[in-house]
Amino acid sequence: MHVTPAEETAIAILAWLANEPELLGRFLALTGTDPASLRHAAADPGFLAGVVDFLMGHEPTLLSFCEATGTPPEQVVRAHAVLSGPDNPGDF
């Protein structure tokens, strides 16, 4: 299975969230996903779009992720555009 750069970014965000219990709990509550379902859900492009959207919805969290992982914010913005598509500009 080929993973796109946008999907790689979303998976990196999910891995980072897994180490941030408070944020992970908030993400799970917002998505209605339970921890046992995360691995299966991560294979769904729509779920990955939601992961990136969650991060994009709160700039301090976005910047924390970028700082912790060395990911340029522009990479997250590109992943959001690719995974969400042109018909879903997000909340900004």
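Which helices cover the buried residues of α5? The cover includes α1 (5-18), α2 (21-31), α4 (45-56) and α6 (73-84). Contact here means heavy atoms within 4.5 Å, and buried means under 20% relative accessible area, exposed over 50%, and partly exposed in between (1.4 Å probe, protein chains only). This is a predicted model, in which local features need pLDDT of at least 70, side-chain atom pairs count only at pLDDT 80 or more, and totals for chains, interfaces and linings use all residues. Residues are numbered from 1 along each chain as its sequence is written, and side-chain values use heavy atoms, with hydrogens and water left out.

**Confidence**

- The mean pLDDT of the chain is 89, and 91% of its residues reach 70 or more; pLDDT is the predictor's confidence in each residue, from 0 to 100.
- Among the elements of the chain, the lowest mean pLDDT (86) belongs to α3 and the highest (96) to α5.

**Overall build**

- The chain has 6 helices and 0 strands, where helices (H or I, at least four residues) and strands (E, at least two) are DSSP runs, numbered from the N terminus.
- Read from the N terminus, the order of elements is α-α-α-α-α-α.
- The radius of gyration is 12 Å, close to the 12 Å that the globule rule gives for 92 residues, so the chain is as compact as a globular protein of that length.
- That radius is taken over C-alpha atoms, and the globule rule is 2.2 Å times the number of residues to the power 0.38.
- The C-alpha trace spans about 30 × 30 × 25 Å along its principal axes.
- Of the contacts with a separation of 6 or more, 57% are between residues 24 or more positions apart.

**Surface and core**

- Of the 92 residues, 37% count as buried.
- The accessible surface of the chain is about 5600 Å², and 57% of this belongs to carbon and sulfur atoms; the areas come from the Shrake-Rupley method with a 1.4 Å probe, and for residues only the protein chains shown count as cover.
- The largest nonpolar core has 27 residues, and those with the most contacts inside it are Ile13, Leu17, Phe27, Val52 and Val76.
- At least two residues of this core come from each of α1, α2, α3 (38-41), α4, α5 and α6, and α4 supplies the largest share, 8 residues.
- A nonpolar core is a set of buried Ala, Val, Leu, Ile, Met, Phe, Trp, Tyr and Cys residues joined through side-chain atoms within 4.5 Å.
- Ile13 is in contact with Val51, Val52, Leu55, Phe65 and Val76, leaving aside its neighbours within four places in sequence.

**Helix α5**

- In α5 (residues 59-69), the residues Thr61, Leu62, Phe65 and Cys66 are buried.
- These residues lie on the same side of α5 because they cover an arc of only 135° around the axis; the arc is that of the directions from the helix axis to the C-beta atoms.
- The face turned away from the buried side of α5 carries the exposed residues Glu59, Glu67 and Ala68.
- Glu59 has a relative accessible area of 54%.
- The C-alpha atoms of Glu59 and Pro21 are separated by 18 Å, and the two residues are 38 residues apart along the chain.
- Gly70, just after α5, takes a positive phi of about 70°.

**Helix α2**

- Leu23, Leu24, Phe27 and Leu28 are the residues listed as buried in α2.
- Their arc around the axis is only 135°, which puts them on the same side of α2.
- Pro21, Glu22, Ala29 and Leu30 are exposed on the other side of α2.
- The cover over the buried residues of α2 includes α1, α3, α4 and α5.
- Gly32, just after α2, takes a positive phi of about 75°.

**Leu55 in α4**

- Leu55 is in helix α4 and is buried, with a relative accessible area of 0%.
- Not counting residues up to four places away in sequence, Leu55 touches Ile13, Trp16, Thr61, Leu62, Phe65 and Val76.
- Leu55 and Leu23 are 32 residues apart in sequence and 9.8 Å apart in space, C-alpha to C-alpha.
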